[in-house]
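Work through the exercises below with the sequence and the coordinates at hand. Each task is followed by a worked solution.

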Protein chains: 2
Amino acid sequence: MISVEEAQGQVLSRIMVLDAERVTLLESLGRVLETDVISDIDVSPFDNTAMDGYAVRYADVRDASESSPVTLQVVDHIPAGVQPEIPVGPGQASRIMTGAPIPSGADAVVMVEYTRVGENAGSTGGTVEVLRPATLGEHIRSRGEEVHEGETVLLRGETIGPAAIGLAASVGHDTLLVHRRPRVAIVSTGDELVEVTEKPGPGKIRNSNTHSLAAQVLEAGGEPYVLGIARDTEEDTRALLGRAPEFDLMVTTGGVSMGDFDVVKKVLVEMGKLDFWKVAMRPGAPQTFGTIGGTPFFGLPGNPTSTMVGFEMFVRPAIRKMAGFTALARPRVIATLAHDTKKKSDRRYFLRGRLTRSPEGGYTAAISGNQSSALLTAMHRGNCLISLPEGESFVPAGTEVMCIRIDLEEGTA
Amino acid sequence: MISVEEAQGQVLSRIMVLDAERVTLLESLGRVLETDVISDIDVSPFDNTAMDGYAVRYADVRDASESSPVTLQVVDHIPAGVQPEIPVGPGQASRIMTGAPIPSGADAVVMVEYTRVGENAGSTGGTVEVLRPATLGEHIRSRGEEVHEGETVLLRGETIGPAAIGLAASVGHDTLLVHRRPRVAIVSTGDELVEVTEKPGPGKIRNSNTHSLAAQVLEAGGEPYVLGIARDTEEDTRALLGRAPEFDLMVTTGGVSMGDFDVVKKVLVEMGKLDFWKVAMRPGAPQTFGTIGGTPFFGLPGNPTSTMVGFEMFVRPAIRKMAGFTALARPRVIATLAHDTKKKSDRRYFLRGRLTRSPEGGYTAAISGNQSSALLTAMHRGNCLISLPEGESFVPAGTEVMCIRIDLEEGTA
């Protein structure tokens, strides 16, 4: 048996980051950039107004006030999207809408709220009274204020969120080069499995792991491909495991413990390479990792909770590394354990638990239900895995324990 | 101008939770259950072993030890998936694989690690030596230990994660009834907009808001439908806004400030009902909310950051309510402001900021870049909105401020 950390280290040393593909902006959401994103223009591409109002000359309105308003002649009306052609001369102003280019001659904008339309006012022509002073450059967004042409706006390795998508769009990119999502094959094993729609007969149970695993793959950023159930024969197991090289990763459940009918391990050794097959952890000590034809292979145990915890500890970091993420560990917090816990001293325990904020500001961690590894209820109700270290056979209530927050994305503070 | 809280209250009071649809287990990931999920069987459906080993009679092996092992006659070999037919009598044992049903007569399982195969051992027949005592019922998972037939395993209103999917599968559900994802129409407005692939000419800018909004809708749990750009004519605006009743929600950007060319508000008043059109906040005071033919309508301002912040404050909670979520507010934390900030006292400010853990354990919040509302860089680099309250015109460094964590899902602690 190797430790969880050793096992994670072995896995990640074998996993390679996948190549890139070009996708639409919306498809890039949540993916990792494979290349820097460069701007093809200045943003803003021209000086423009941040407010609706009047483009004016600062020198004309520096002393304007309610009691002594400055009257200007309105020479133009500039909507957004139109290049103004009439300059603003001394004693003049142009009506201007948010986003519209600043006309030549003007060097400040007075908000419409601080003006009063004068007599004979039309769309253009007539006069406007300015009721407050302006500062030089007020409400003007300068050309290149955000970004200059040729500047890098997004960096290789960054994760794409909605703001990054908006930024990419504004600098001319309607597609982005991102790391591929790993294609993950899922195989269940066991003569005891029946499909979900079947009512299990004597000795049979439903194949639920395929479904929870597919959801875990999707959440981790992979694309799940369900290959079906391999029965407990070498022939059947060989046929499905032999498909591993069609995918970036293969995950099986069941068939890797010490049972005489566990053929997965036998077939794996014969077809590929075995790195480890047992990890000092509970639930889920029988965790197999190796390669088949170069494709990384995870043989997770068959108990539903062991499968999910094994995925969380080994497969999820692998999928994220392949997809280009550099943050591979879920956020961890220290919490006060709520109850005495007995354990075997030769392995790490991962209790399915729930973190709550204690009134003093710290966290308390309590189990979120029955800890049998056949039960998913505690996993469903929990938001963390409470990690109890090797070497201890009893952890009393009140101990500070490390909790892995499975409700939070990697890389959040 | 109404306050942010008043505006949010008005929005949510008009938003109705959507009806349900039946989807596959994988499609249900991240959705909200519309009905309880009931088990059609006992789980486990039969007493079975949690370990590979030997099914024994407790009375035979209660005193077994390395120094005085108990020798039992092996009468059967039970793989998972097979109903055993040979009972275990006194002095007998059956080899048994993880998950296999417990044979009659047996009331404990001894792990294979604590046995030694005796002479003449075959698949069945021969003998086994038990080297450790067993306790009554040891390693036996009882019928119905997780769930009894007819019991509720998932509750209406719960969010579906991978463990819930596994639970649903194990109790016979290959589809689930969940709230519909809102269909959200997205309309950009403005004569100044050109498509991303075009190089903007004089006075023009690229239509980036459509893309950031579609990503925000997707992240919030909605389905984005991009209807295109409405030019600044009543006819064009009327044609696109008139499509609102085809959708669950409509969001527009631009066209709602005080500009003479802002026709959205005019058309909205004519076609629908206007609830509010200005909120005491920055960025993005011009926030319009109303209904067109019964469909809720959000008119967000056109500046990229104002659009995103307006979405975050008003549209995202609306989408989540429609999709059945009850947690509608992002997690908030108190942090120490890193720098002096001047503001207008008549409105709430939402600075785009970054939270970092300070060495003492609390959080520090600093702006994540230029705060111009035309710039998405600070939004991209940030992980929170720093909320600075109305009534203040200056907030000094060191003030405890409330920060909205836009990097975390609603409902996480």
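The model is predicted. B:His139 sits in the loop between β9 (127-130) and β10 (140-141) of chain B.

**Exercise 1. Backbone and burial at position 139**

Task: State the sign of phi at B:His139, and decide whether B:His139 is buried or exposed.

Solution. Step 1: phi of B:His139 is positive, about 65°, although the residue is not a glycine. Step 2: count the neighbours; 20 other C-beta atoms lie within 10 Å of B:His139. Step 3: a residue is buried if 20 or more other C-beta atoms lie within 10 Å of its own. B:His139 is therefore buried.

Step 4: turn to chain A. A:His139 lies in the loop between β9 (127-130) and β10 (140-141) of chain A. Its phi is also positive, about 60°, and A:His139 is not a glycine either. A:His139 has 20 C-beta neighbours inside 10 Å, so A:His139 counts as buried.

**Exercise 2. Cis peptide bonds**

Task: Find where the cis bond from A:Val43 to A:Ser44 and the cis bond joining B:Arg282 and B:Pro283 fall in the fold.

Solution. Step 1: omega is near -10° for the bond from A:Val43 to A:Ser44. A:Ser44 belongs to the loop between β2 (37-38) and β3 (48-49) of chain A. Step 2: omega is about 5° for the bond between B:Arg282 and B:Pro283. B:Pro283 is in the loop between β19 (281-282) and β20 (288-292) of chain B.

**Exercise 3. A sheet in chain B**

Task: Give the strand order of the six-stranded open sheet in chain B, and name its edge strands.

Solution. Step 1: the order is β7-β4-β6-β5-β9-β8, with mixed pairing. Step 2: β7 (108-111) and β8 (115-117) of chain B each pair on one side only, and they are the edge strands. Step 3: from one strand to the next, the twist averages 40°. Step 4: look at one pair. Strand β5 (residues 70-78) of chain B pairs with β9(B) in the antiparallel sense, over four bridges. B:Gln73 has B:Thr127 as its bridge partner in β9(B).

**Exercise 4. The nonpolar core**

Task: Which residues touch the most other members of the largest nonpolar core?

Solution. Step 1: the core holds 159 residues, and A:Ala168 and B:Ala168 touch the most other members. Step 2: leave out residues up to four places away in sequence; A:Ala168 then touches A:Leu25, A:Val37, A:Leu154, A:His173 and A:Leu176.

**Exercise 5. The interface and its symmetry**

Task: Describe the side of chain B that touches chain A, then work out how the two chains are related.

Solution. Step 1: 79 residues of chain B contact 79 residues of chain A. Step 2: the elements of chain B giving two or more residues to this side are α3 (162-170), β15 (205-206), α4 (209-220), α7 (304-322), β24 (348-357) and α8 (377-381). Step 3: sorted by class, this side has 38 nonpolar, 25 polar and 16 charged residues.

Step 4: a turn of 180° and a shift of 0.0 Å along the axis lay chain B on chain A with an RMSD of 0.1 Å. This is the relation of a two-fold axis. Step 5: B:Leu408 has the C-alpha nearest the axis in chain B, at 3.6 Å from it. Step 6: compare the contact residues; 100% of those of chain B recur in chain A, and the same surface serves both copies.

Methods: Residues numbered from 1 in each chain as written. Chains lettered and ligands numbered in written order. Predicted model: local features only at pLDDT ≥ 70, side-chain atom pairs only at ≥ 80, totals over all residues. Contact = placed C-beta atoms within 7 Å. Nonpolar A, V, L, I, M, F, W, Y, C, P; charged D, E, K, R; others polar. Least-squares fit on C-alpha atoms with pLDDT ≥ 70 in both. Buried ≥ 20, exposed ≤ 12 C-beta atoms within 10 Å, placed from the backbone. Pairing = 2+ DSSP bridges. Axes fitted to C-alpha atoms, helices over the stretch in contact; angles between N-to-C directions. Core = buried A, V, L, I, M, F, W, Y, C linked by C-beta atoms within 7 Å.
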